[in-house]
Every structure is written in C-alpha cells, then in structure tokens.
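Here is a short briefing on one protein model. Keep the structure open as you read.

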Amino acid sequence: MNRGQRLLRRHHTNAVLAASTFFPLLTWWFATIPGFFSPDSMAVVEQIRSGNWSNVHTTAYTAWVYVTSLGGRWWMFVTLSQVVVIGTALFVLGRGIIRRGVSLGAVAVS
C-alpha cells in the first residue's frame, strides 16, 4: 500500500467515525433545541441573568455558560458546545480503539 492509499484510508476512517459520532448527537441537539437544562443549570442561568455570581455552583461552569451562551442571550449554544465536547471526546476514544486493532465497523456501530 503506497502513501496515497494509506492517507485516503485514514481520511475515510476519520470521516466514517466522525459521522457515526456526531450525526446522532447533532440530531438529538436539533430535535431538542435549546436542549435540556437541569435545576442546577437553571440556577446558573438565573445567576447570569441577575449578574450576581455566587459560589453556590462553580464559577468555572457559570463562566462556561456565560461565554457559550454569548452573554446569556443564546442558550442553545450552551448545549451545542457540550455536544461538540462530548462528540470530540468520543471521536478521540474511537480513534484510540481503532489504533489498537478493533475494526472500524465495530467502533462505528457501538
């Protein structure tokens, strides 16, 4: 197998793995825009709206929600950013498993 064929195979593997990882996550996100928020997350939303950030919840998470919601105006981007982080982590995990010798089909299905 020459270098071009290996490169093409790697890109094919990445494309299949990315599609099998992100398609279900993004489908779920589009179906539930703006997403689901727990009571804890709603408390963070209230802190952002009031401008009074307390230490009831971690300030790092409150800042993450503030930044990803673009200052508290677009709540759907909070859940989108979480989908991207989870999808990326699953993609990296899948690549690691494939490098260990598991077939692409088995990883993509699971």
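## Briefing: helices and a surface patch

T13 sits in helix α1, which spans residues 3-31. The model is a predicted one. The points below take T13 first, then helix α2, then a nonpolar surface patch.

**T13 in α1**
- T13 has a relative accessible area of 12%. The cut-off for buried is under 20%, so T13 counts as buried.
- Setting aside neighbours within four places in sequence, T13 is in contact with R95, I98 and L104.

**Helix α2**
- α2 covers residues 39-50, 12 residues in total. From first C-alpha to last, α2 reaches 16 Å. That is close to the 16 Å expected at 1.5 Å a residue.
- The buried residues in α2 are S41, V44, V45, Q47 and I48. They lie on the same side of α2, because they cover an arc of only 160 degrees around the axis.
- P39 and R49 are exposed on the other side of α2.
- α3 (59-68) is part of what covers the buried residues of α2.
- G51 comes just after α2 and takes a positive phi of about 85 degrees.

**Nonpolar surface patch**
- I86, L90, L93, I97 and V102 make a nonpolar surface patch of about 400 Å².
- V102 is placed in the loop between α4 (76-99) and α5 (104-109).
- V102 has a relative accessible area of 35%. Partly exposed lies between 20% and 50%, so V102 falls in that class.

Terms used: Residues are numbered from 1 along each chain as its sequence is written. This is a predicted model: local features need pLDDT of at least 70, side-chain atom pairs count only at pLDDT 80 or more; totals for chains, interfaces and linings use all residues. Side-chain values use heavy atoms; hydrogens and water are left out. Helices (H or I, at least four residues) and strands (E, at least two) are DSSP runs, numbered from the N terminus. The expected span of a helix is 1.5 Å times one less than its number of residues. Buried means under 20% relative accessible area, exposed over 50%, partly exposed in between (1.4 Å probe, protein chains only). The arc is that of the directions from the helix axis to the C-beta atoms. Contact means heavy atoms within 4.5 Å. Patches are made of residues with over 30% relative accessible area and no salt bridge: like charges are joined within 9 Å, nonpolar side chains (Val, Leu, Ile, Met, Phe, Trp, Tyr) within 5 Å. Accessible areas come from the Shrake-Rupley method with a 1.4 Å probe; for residues, only the protein chains shown count as cover. A salt bridge is a side-chain nitrogen of Lys or Arg within 4 Å of a carboxyl oxygen of Asp or Glu.
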